[in-house]
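Got your viewer open? Here's a walk through the model, one selection at a time.

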Amino acid sequence: MGAWALLLPLLVATAQAQAQAQVCSVNRTTFEVQENTNRSEPLADIYVPEDQKVTLGPSSTPSAFRIQGTQLFLTMIPDYESHTVLQAHLECRRGDTVVTQLRVFVSVLDINDNEPKFPFMTKVENVSEDTKVNTIVIPDTELKAQDPDKNDILFYALQEVTPGASNFFSLVGANRPALRLDQTLDFDRWRNMTFQLLVRDTQEQNVKPSHTATATLVLEVQPADLRPPWFLPCAYSDSYVCLQAQYHGTVPTGHKLPDPLILRPGPIYAVDGDRGINQRVLYSIVNDGTFVMDADSGNLTMSRAVPSPKVFTLLVKGEQADHARYSVTQVTIEARNANGSLLHFPESQYRGTVALGSGAGIPVRDAASPSQPLRIWAWDPDFPGLNSAITYRITNNTNFRMDGKTVVTAALLADEGVFYAEVEAKNTVTENVASAVVEIQVLEQEAPAPTGGSHAEDQRFSTVEMAALGGVLGALLVLALIALLILVHKHYGHWFKCCSGKAQEPLISSFDNQAFCATQDANWAPAPSPSPAPSPAVASEPEPPELPSIRSLDSASESPEVARDGGSPAAVRSILTKERRPEGGYKAVWFGEDIGAEADVVVLNMPAADAAGAVDSGSEDSDEAEGPGGGPSDASSTCV
């Protein structure tokens, strides 16, 4: 028995080995692979008997595996969001008969490779102005983002776009994106607010990999009926409270005024305190029968006269047209005797003008504003409601009359002069009277100025006269220039001759005249414009647009006349003339106002290229070259 006990395991193992040698097998049947992994090595080894062959069965994940020889390979890059498990179905066949079926499973592991996404790009939400604080305005189910990665936890944040909006709204939590109201809304101040809603699939921003997404939230505040009508003007107001106006007025005893009463600080007027709703306001008097109020306008009128002095305290109600809200204010009306009331003119004396020869019915113009007619009016400070009962007339001048409040002519004005008239204002209700003086100047009317594009002739000088004057002045100018040229040639002709020799070829690093400073480089760039000086007479000889050598002379060597007079008001004003020389240089001469004064001549040579350009531009006008003191900036010298 002991020997059989030792041989039994060996016999079982041998039997199993023989049985296994007759069927297919794999060395491993389950695997785990991270998604997005490209696995090139064999996944499993397959044992296939010699008389059998192995193929992929129909229940294998399509395009996921291949068999090469006796090895199983993964042919696709796994994606957790597409397949969480891949299956390889192996069939071992002997001929057409399936001998063995094997299954190999590959579990795909999820990694953070997808961005979260909101179900919207922009979400607009209406929020009523009367929403209670701590109310969830938008639930998290409407704001949650979706992330295909199974194990991702999303973190949310709310960033204000509208400055100050974060004081009103916030998220309930970092992982719960429900929107909550934190502060009472005010439609008048905050009609809409915009936020950026952010989501991230990692708690820390700098973690790799990390993905984010954003969406826009727009909250439109809707007005709510929270406030009653407000009587204006408010003594104090904010978005919630108005210390509304109370009104005051006066009426004369014994008289029924036909027009609406004039009240202080203004007419009865109320508006809906909720401006976004702006309900129409209806007016009514709560407790009186002496006065009548128009329901739409709020105008207060008298239904009968008040026989004796009395004070009326009226309660006026302003109610929204939908009858949802109303408010009440107080109107105080004082009835008193008007006999002692005095009329007042804004000015004690008025001034007007009218054209000579004006006929009847022509308005007198206001002297202070000639484009406006002269209007005169008076007012009753105690009973402003009686101003419409005031009439006007002129009492002491038959040339003028009143047309309402406007002064107009009553007859043909044939004489020029100053007229005075008294305007009487009378209150037809109280019989009170006041007067003012009007000073009216009757003037000869000036001819109107010609309009743009008009060819009318001026009354002072005709077009022919102006043309003749211009011709005479032009002829005198030509004669003066000719005389000036003759005198210059007569007195300074020998100077021109001595300077007519051929100039040496100039070098950029040297100077043509002793007036130049040897230690100073020639400046061929344009110099700044000289300071303003008395306008000298300039010869008509042309010169090049730039004359750098004149501007680069030593400022210490002034013209003799300038040095002698020192730039005083009596100093001799210099005249600069320049003449282009055939050899390419220029000759500059300064003359004093005294034609016999000594002349200063400077010969200025230019480089050949500039000289040639000067010949081509000989038709251009000469520029004045003056030094800071108003005289020439060139050194004083003679021809050498």
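## First stop: a pair of cysteines

Select cysteine 234: this residue is partly exposed, with a relative accessible area of 23%. Remember that what you're looking at is a predicted model. Now add cysteine 242 to the selection. The two form a disulfide, and their sulfur atoms sit 1.9 Å apart. Cysteine 242 is buried, with a relative accessible area of 11%. Look along the S-S bond of cysteine 234 and cysteine 242: the torsion is about -100 degrees, so this disulfide is left-handed.

## The other disulfide

How many disulfides does the structure hold? Two. To see another, select cysteine 24 and cysteine 92, whose sulfur atoms are 1.7 Å apart. Cysteine 24 is in the loop between helix H1 (2-20) and strand S1 (25-26), while cysteine 92 belongs to strand S7 (residues 85-94), so the bond ties together parts that are 68 residues apart in sequence.

Switch on a surface and check both ends. Cysteine 24 counts as buried at 3% relative accessibility, and cysteine 92 is buried too, with a relative accessible area of 0%. The torsion about the S-S bond of cysteine 24 and cysteine 92 is about -125 degrees, so this disulfide is left-handed.

## Zoom out

Time for the whole chain. Color by secondary structure and you have six helices and 35 strands to pick out. Of the 640 residues in the protein chain, 37% are buried. The chain exposes about 36,500 Å², with carbon and sulfur atoms supplying 52% of that.

If you draw contacts between residues at least 6 apart in sequence, 64% of them join residues at least 24 apart.

## On to the charged pairs

Side chains of opposite charge can pair when their charged atoms come close. There are 17 salt bridges in the structure, and three make good stops.

Start with arginine 227 and aspartate 274. Their closest N and O atoms are 2.6 Å apart. Arginine 227 sits in the loop between strand S15 (212-222) and strand S16 (229-231), and aspartate 274 in the loop between strand S20 (270-272) and strand S21 (281-285), so this salt bridge ties together parts that are 47 residues apart in sequence. Are these partners buried or exposed? Arginine 227 counts as buried at 3% relative accessibility, and aspartate 274 counts as buried at 2%.

Next, select arginine 280 and aspartate 296, whose side chains meet in a salt bridge at 3.1 Å, N to O. Arginine 280 lies in the loop between S20 and S21, and aspartate 296 in the loop between strand S22 (291-293) and strand S23 (300-302), so the pair ties together parts that are 16 residues apart in sequence. With the surface on, you'll find that arginine 280 and aspartate 296 are both exposed. While you have the salt bridges displayed, add Glu129: salt bridges with shared partners join Glu129, Arg227 and Asp274 into one network.

For the third stop, pick lysine 123 and glutamate 142. The closest N and O atoms of this salt bridge are 3.4 Å apart. Lysine 123 is in strand S9 (residues 122-128) and glutamate 142 is in helix H2 (residues 140-143), so you're looking at a link between distant parts of the chain, 19 residues apart. Lysine 123 counts as buried at 19% relative accessibility, because the cut-off is under 20%. Glutamate 142 is partly exposed, with a relative accessible area of 34%.

## Into the interior

Now find valine 316, which has its place in strand S24 (residues 310-320). Valine 316 is buried, with a relative accessible area of 0%. What is valine 316 in contact with, leaving aside its neighbours within four places in sequence? Show these side chains as sticks: Phe231, Ile268, Ser284, Met293, Ser327, Val328, Thr329 and Val331. If you want a distance to label, take valine 316 to valine 331: the two are 15 residues apart in sequence and 6.9 Å apart in space, C-alpha to C-alpha.

## Last stop: an annotated span

Finally, select residues 466-488. UniProt lists them as "transmembrane region" in an unreviewed entry. In the model, the span is 100% helix and 0% strand, and its end C-alpha atoms lie 33 Å apart.

Note on methods. Residues numbered from 1 in each chain as written. Predicted model: local features only at pLDDT ≥ 70, side-chain atom pairs only at ≥ 80, totals over all residues. Heavy atoms only, no water. Helix = DSSP H or I, 4+ residues; strand = E, 2+ residues; numbered from the N terminus. Buried < 20%, exposed > 50% of the residue type's maximum accessible area, 1.4 Å probe, protein only. Contact = heavy atoms within 4.5 Å. Areas by Shrake-Rupley, 256 points an atom, 1.4 Å probe, with all protein chains shown as cover. Salt bridge = Lys/Arg side-chain N within 4 Å of Asp/Glu carboxyl O. UniProt positions renumbered as here; feature names shortened; annotations may be inferred. Disulfide = S-S within 2.5 Å.
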